Every structure is written in structure tokens, then in C-alpha cells.
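Work through the following exercises with the sequence and the model open side by side. Each task is followed by a solution that proceeds step by step.

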Amino acid sequence: MEGEGKKIKVLIVEDDESLREMYKIRLEYEGFEVLAASNGEEGLAKAVSEQPDIILLDIMMPKISGFDVLDILKSTHSTAKIPVIIMTVLEQESNKVKGLMQGAEDYLIKSQTMPAEVVNKVREVLKKYNKI
Amino acid sequence: MMENFLIILGYLILITTVGVLGYLFYKKNNEAKKLSDLLNKYEEVRQRLNEFEEMKNEFVSIITHELSTPVARALGYLSLIFEDKENLPPQMEEHVERAMDAIQKLSSLVSALLRASRISFEEKQNVFNIGPLISEVLKQYDEIAHRKNLTIVFDPGTHLPLPYVKASPSSIKELLDILLDNAVKFTEKGYIRVSILVEGDYLYVNVEDTGCGISEKDLPHIFEKFYQADTSYTREHGGVGLGLYLAQKIIELNKGKIWVKSKEGVGTVVTFALPIAKNYKI
């Protein structure tokens, strides 16, 4: 269990249902409370209303891309300070640089980062933000 | 009598001369037209090849991206099973490991395919300054170098301003990516140094690292397709053994040379040479 009674909230914004479930299973196993959004709009709405401790954000999504979601998160007062980890299949360095420059804490390639590693990265970032 | 003969002769000569000149003029025009037709046809074919290449690249880009999602799913779920290996029946652990290895290989191949598809040879400019290109590529490694506590140094040498090289910029960018990727992957401490040397008709670029190096046994084989040095590093880092093979192909296509010097436990230097462009207009 994380914390004392109050669970850490992780918001996953990912349009692929199978991947969303996969990360949810692993994070819940570690004692996190997991919220899920299947597109950018839903992700933004939940970020504002639920105030998660950390957000895992996909990039290639229909309608509004993860980069745009990140932009809006960082320029909205109530969500600007929530740390974001980008999770994507886009391997190009230029995308990674873009993500980090836009304020993401980390940039993970889904096909190269196993769910257990994602959990480690989440812990790393939460520690950095003194949330655990 | 004589006068008439001379007049007729004069006219004959005149008509013949006009006829010959006319024929020569017609022939030259015809050749010019043939040349112009050929040039037009060449331009048309080149245009079609360009379009085809663009279409192919877009297709490869979409497919490789689409391939990555099921790969992420398969690997992810298998790793969830693998984490629970104590509760698996005896042989199951090995089965799962093998399945994961196979998919990881698939993933590396997709990456290699994507990389290869980014190389274009039909470029407007194939004479360029390699200095800014190296700087641009090195910048992208700042973050990971910082995390691994490595120093990255760029030494453009003393022959400044750098002469332009005759090569395809996008393919050389991929080449640099491959070499720097390797350098960073196999170096845990110290530095990576890219330096330039100009000599004779070639410009030489050295990519030097203080990494684990390549054994004498592996050195003669490193440019071979799918060859991977048998170290714990390669087993840990996966990959598919196509990096240096592709690098060599890129160099060959650009009429350059590439070679490697290495010492196990000390480091590696990969050097490639590109022909200097002569009489170019900037």
C-alpha cells in the first residue's frame, strides 16, 4: 500500500484498450488507484476533476494528440503541476526532445518498457515530487 | 555560251549549298528535339520515382507504427506472466522467456526497418556541410548522456571552415544515429567524442567511445548482417545486429569508407570517410 490509507492516483490516458488494461492491472497490483481515459478530451476532463498524482500519457490518439493534451495540461492552472510521463510507440529522438521540452518528466517507448518498469518510473517521478 | 554555263553552275552551287545547310540545320534541330524529349522523359521518370518513394516511406512508417502496438501488448502481457514465474509449471517459464525473446527480436527488426525507410537518396542537395549536421544529431543525445553521466565532445578539427562533402544528408544523419546509438549503448562511463579530420580528397569523422570495446574475435565480423558480439551487454540490450551492416551500406552508397578500431575494456573508434565536394557552388 502506498501512503497511509490514501492511495496514489494514477491517470492513464491511452486509446488502446488492451494496453490500458495491462498498465492498470500492474499498477493496481502495486497499490495505486488507477483512473483511465481512452482519449485526450476525457483525459483532460479527468485530470481537472480528479487531480491525479501522476499522468501516463499516450501520444498517438485520435482527434487530439498527446502533445496537444500535454500543452493544455501544462497551461491549465489546476493541472500544470501534475507530473506527466509520456508512453508512446514513436521512437524518433525528435519526438522525445519535443515531449521533454513540453514539460514531460520522462518519455517511454511502450514496446521497450515492460509494465514493471513503468511502475518503477512512476515511483521515481513520484519520489522526485515528494508524493511518496 | 561560257557565261550561261557559269551562271547555271553558280546557281547549282548555290542550290547545293542551301540544300546542305538546310539539311544540317534540320538535323541539328532534330537532335536538339530528341535531347529535349529525353530530358523531359528523364524528369518524368524521376518525378514518378520520387512519388513512389514518398508513398513507400509513408506506408512503411504507418505499418511499423501499427506493428509496435501489438508488440507492446504481447511483450507487456508476457512479462506480467513472467513476473509470476514461481507459480508457473516448470517448463512454462522457459516457454514464456522464449516467446518474449522472439517478440523483442521482432520489435528490433521493426525499428531497423523504420530506420532504413528514413533514408532518402533523391534529395535536392547532395553536397552539404557535415559540421552542423553532427551538432544537430549530438544535441539529441544530451539527455541520455546526462543520465548516464557521460561527456559528449565535438571537435571539428583545424581545417575550418569545413569543406562540403558529397553525400546524401539524410543517409549520413541515419549513419550518425546508428554510430552514436551504439556508442551510448555500450558506454557506461567516460566520454563519447566525435572529431573531424580533413586529408586529401576525403573528410574523416571519428566516433570514439570509452565503452566496453569489441573483442579481437568479434572485430572481423561486426559489419556482417545480424552479427552481434557475444557479450552480456548485447544480451541485455537486445537489438538485432543490423546497425553496422546498415552503416556500411550507407557509406558504400555514398562512395565513402568505414572502419573500426577497438580494444576490449578500453573503447572503440569508428571512422568513416566521405569524399569532399570539389568546385561546388554554395
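Two residues are in contact if their C-beta atoms, placed from the backbone, lie within 7 Å. The model is predicted, so local features need pLDDT of at least 70 and side-chain atom pairs count only at pLDDT 80 or more, while totals for chains, interfaces and linings use all residues. Residues are numbered from 1 along each chain as its sequence is written, and chains are lettered from A and ligands numbered from 1 in the order in which they are written.

**Exercise 1. The contact between the chains**

Determine how many residues each chain brings to the contact, and describe the side of chain A.

Solution. Counting by chain, 17 residues come from chain A and 16 residues from chain B. Helices and strands here are DSSP runs (H or I, at least four residues, for helices; E, at least two, for strands), numbered from the N terminus. On the side of chain A that touches chain B, α1, α4 (93-101) and α5 each supply at least two residues, and the largest share, five residues, belongs to α1(A). Sorting that side by class gives nine nonpolar, three polar and five charged residues, where Ala, Val, Leu, Ile, Met, Phe, Trp, Tyr, Cys and Pro count as nonpolar, Asp, Glu, Lys and Arg as charged, and the others, Gly among them, as polar.

**Exercise 2. The sheet of chain A**

Establish the strand order of the open sheet in chain A and identify the strands at its edges.

Solution. Strands pair if DSSP finds at least two bridges between them. By this criterion five strands of chain A form an open sheet with parallel pairing, in the order β2-β1-β3-β4-β5. Because β2 and β5 (106-109) of chain A each have a single partner strand, one side of each is left without a neighbour in the sheet. Within the sheet, β1(A) and β3(A) pair over four bridges in the parallel sense, and V13(A) stands opposite L57(A) in β3(A).

**Exercise 3. The largest nonpolar core**

Find which residues touch the most other members of the largest nonpolar core, and which elements contribute to this core.

Solution. A nonpolar core is a set of buried Ala, Val, Leu, Ile, Met, Phe, Trp, Tyr and Cys residues joined through C-beta atoms within 7 Å; a residue is buried if 20 or more other C-beta atoms lie within 10 Å of its own, exposed if 12 or fewer, and partly exposed in between. Among the 35 residues of the largest core, V10(A), L56(A) and L57(A) touch the most other members. Elements that each supply at least two residues of this core include β1 (9-13) and β3 (54-58) of chain A, and also α1 (2-83) of chain B. Leaving out residues up to four places away in sequence, L56(A) touches V10(A), I12(A), V13(A), Y23(A), I85(A) and M87(A).

**Exercise 4. Helix α1 of chain B**

Compare the expected span of α1(B) with the distance between its end C-alpha atoms, and state which of its residues are buried.

Solution. The expected span of a helix is 1.5 Å times one less than its number of residues. For the 82 residues of α1(B) this should come to 122 Å, and the end C-alpha atoms are 119 Å apart, which agrees. The helix α1(B) is hardly covered, with four buried residues among its 82, namely S68(B), A72(B), L75(B) and G76(B). What covers these buried residues includes α1 and α5 of chain A together with α2 (90-117) of chain B.
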